[in-house]
Every structure is written in structure tokens, then in C-alpha cells.
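Visitor: I'd like to learn how to read pockets, cavities and odd backbone spots in a model. Could you walk me through one?

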Amino acid sequence: MEGAVPNIYTVMRRFSVKELSRGVMIVFEGIDGSGKTTQILKVAESLKEHSYEVTVTHEPNHNSKWGQLIQNKVKRHREEVTPETELEWYLKDRKWDLETNILPALEKNHIVLVDRYYLSSAAYQGALKTFTPEYVLQRNSFAQKPDLWIILDVPVPLGQKRLRIRDKKDTKDQLEKAEYQEEVRQNYLKLAKMDIGGKIEWVDASGTEKELTETLTTIILKFLRDFQTH
Ligand code: TMP
């Protein structure tokens, strides 16, 4: 009957960890400077304090070949990369992220917090004017649909101000140019009204860091009630 009696560690884990009926995928989105990355880490900490098992992932990935191409080419010499190639790299990086990080963590019934996903492609690559956001969404039809999207909304000037404080300088990076960010924000507004797969929470992210973490934790804890096993 080996294996029939759970060992002490399994028993302790059952009491210490809140189990979910299945993995839950939650994506954070927003323009540059919306505070996403800071908030995802704070919310992950807070969910762990509530005894949930949490996995965090970020696109573009620093560890994938495609994420590194994006980092070295798109972020530094965007003018040398065609919009088609740029989109292709984000799609390949997303496939890598799904296989390497997202799907294995969902299998383990974790909460998976994803820092940017296909809504970023639709909003950002859609703002390059070569393709429509709808076309970009359709190119992402291979990707697992998340359970919840959290879109952090800030006015572009506030996003730009936060970036200047973070980077301690005025950035000339095209990705962060105000005009482009305005297009991206308009795309988010448009996409949030469409059926993009999964529930959407549009959150005003212009308040303080602490207020925002509390708001986001409350939204997520409420959302998780449907996946509670006890
Ligand atoms: P971040 O690492 O600060 O979130 O920056 C990632 C940048 O990459 C951000 O400017 C948005 C951009 N991006 C796209 O253009 N398309 C995508 O699909 C993703 C995931 C990110």
C-alpha cells in the first residue's frame, strides 16, 4: 500500500497552501509607465501571503532567443526591423513562454500572473499602422485565453513622468514616445470593448502604489472565489 498514506510533508502542504480547482491565468496590461511590473510583483507577494501558489512571467522573456532579439534589435534599432518581423518575434516568444512557463504552472494549479500577453501585441504592433489590432489578435489565436485581464490605465503624460523618474533621464526610445503611447492607449480602450477571450477589468492606475496594490489584490481575491476548493 505504498503511496496510499500521504507523508507528513504532503499533509502539511495541504494545510498551508490554498488549493484551486484548476490553474488560473491573470494577465496585467497597460502602456509604458502604467506601473504593471511593480504591481505584479507586489500582488504576487500579497497572494503568497494569502497562501496561494503563484508563478510570475514576463513577455518579452529575457531567457528566450526571441525575447533577446526583441531586447537587442527592436528596443535599440527598431528602424532596422520590419513590423512583420517584430510581430513574428513576439509571437514566437509567446509560444516559448506558453510552453516553458505558463502551461506547466497552470498544470500545477498555480495562479499564473503574466506581465504582458497578446493584448500588448494587438495594442503596440497594432499602433505601427501596418496591421490592425484585430489582425494581430487573430494571429494570436494559438495562445491560451487567460481567465482575467487587468488593464492598468494611466494618462500618457503620467506614464511618461513615471518612466523619467524610473530611468532618471529623458528617454528617446521610440517605444516610449508620447505619440506612440497615445495610439497604444487608444488601442487598449478599443480592445477592452471587444471579445478578446476572458474577463476584463479596466483599472485606473493613477493613484499611489500602495492604493493600487490593495485594489488589485481585492479584485483578484474576489475573482479566485470561483476556483476555491474549500
Ligand atoms: P516592459 O518590459 O517594460 O514591459 O517593456 C516591454 C515593451 O515591449 C513594451 O514597450 C511593450 C512592448 N511589447 C510589444 O510591443 N508587443 C508585445 O507583444 C509585448 C509582449 C511587448
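**Pocket, ligand, cavity, backbone**

Guide: Let's start with the open space: the largest pocket has a volume of about 850 Å³. Keep in mind that this is a predicted model.

Visitor: Which residues sit closest to the centre of that pocket?

Guide: Asp32, Gly33, Lys36, Thr37 and Arg166 are the closest to the centre, out of 35 residues that line the largest pocket. As for secondary structure, two or more lining residues come from each of helix H2 (36-49), H4, H5, helix H7 (156-167) and helix H9 (209-224).

Visitor: How does the lining of the largest pocket divide into nonpolar, polar and charged residues?

Guide: You get ten nonpolar, 14 polar and eleven charged residues in that lining.

Visitor: And where is the ligand?

Guide: The ligand takes up the space of the largest pocket. To read its surroundings, go to the shell of residues with a heavy atom within 4 Å of the molecule. Here there are 14 residues around the ligand, and His58, Arg94, Arg116, Ser121 and Gln125 come nearest.

Visitor: Which helices each supply at least two residues of that shell?

Guide: Helix H4 (83-107) and helix H5 (118-125) do. H5 gives the most, with four residues.

Visitor: What's the make-up of the shell by class?

Guide: The shell around the ligand has six charged residues, along with four polar and four nonpolar ones.

Visitor: How should I read the polar contacts to the ligand? Which side chains should I look at?

Guide: Look for N or O pairs within 3.5 Å. The side chain of His58 has an N or O atom 2.9 Å from an oxygen atom of the ligand. For Arg116, a side-chain N or O atom is likewise 2.9 Å from a ligand oxygen. Lys75 also has a polar side-chain atom, 3.5 Å from an oxygen atom of the ligand.

Visitor: How much of the ligand's accessible area does the protein cover?

Guide: On its own the ligand has 480 Å² of accessible area, and the protein covers 91% of that.

Visitor: Now for cavities. How do those differ from a pocket, and how many of 30 Å³ or more does the structure hold?

Guide: A pocket is open, whereas a cavity is space where a probe fits but cannot get out. This structure holds one cavity of 30 Å³ or more. About 40 Å³ of space lies in the largest cavity.

Visitor: What lines the largest cavity?

Guide: Its lining is made up of Gly30, Ile31, Ile151, Leu152, Asp153, Val154, Arg185, Tyr188 and Trp202. By class, that lining has six nonpolar, one polar and two charged residues. Strand S4 (148-153) and helix H8 (178-191) each supply at least two of them, and S4 has the largest share with three residues.

Visitor: Last topic: the backbone. Where is there a cis peptide bond?

Guide: For this one you check omega: between Glu59 and Pro60 the value is about 0°, and the bond is cis. Pro60 belongs to the loop between strand S2 (54-58) and helix H3 (65-74).

Visitor: Which residue has a positive phi although it is not a glycine?

Guide: That's Ser51, with a phi of about 70°. You'll find Ser51 in the loop between H2 and S2.

Definitions and conventions. Residues numbered from 1 in each chain as written. Predicted model: local features only at pLDDT ≥ 70, side-chain atom pairs only at ≥ 80, totals over all residues. Heavy atoms only, no water. Polar contact = N/O pair within 3.5 Å; in protein donor to acceptor, adjacent residues only side chain to side chain. Areas by Shrake-Rupley, 256 points an atom, 1.4 Å probe, with all protein chains shown as cover. 1 Å grid on protein atoms, 1.4 Å probe; cavity = no way out; pocket = protein on both sides within 12 Å on 5 of 7 lines; lining within 4 Å. Sits in = over half its atoms within 2 Å of the grid points. Nonpolar A, V, L, I, M, F, W, Y, C, P; charged D, E, K, R; others polar. Points joined across faces, edges and corners; volume = space filled by probe spheres on them.
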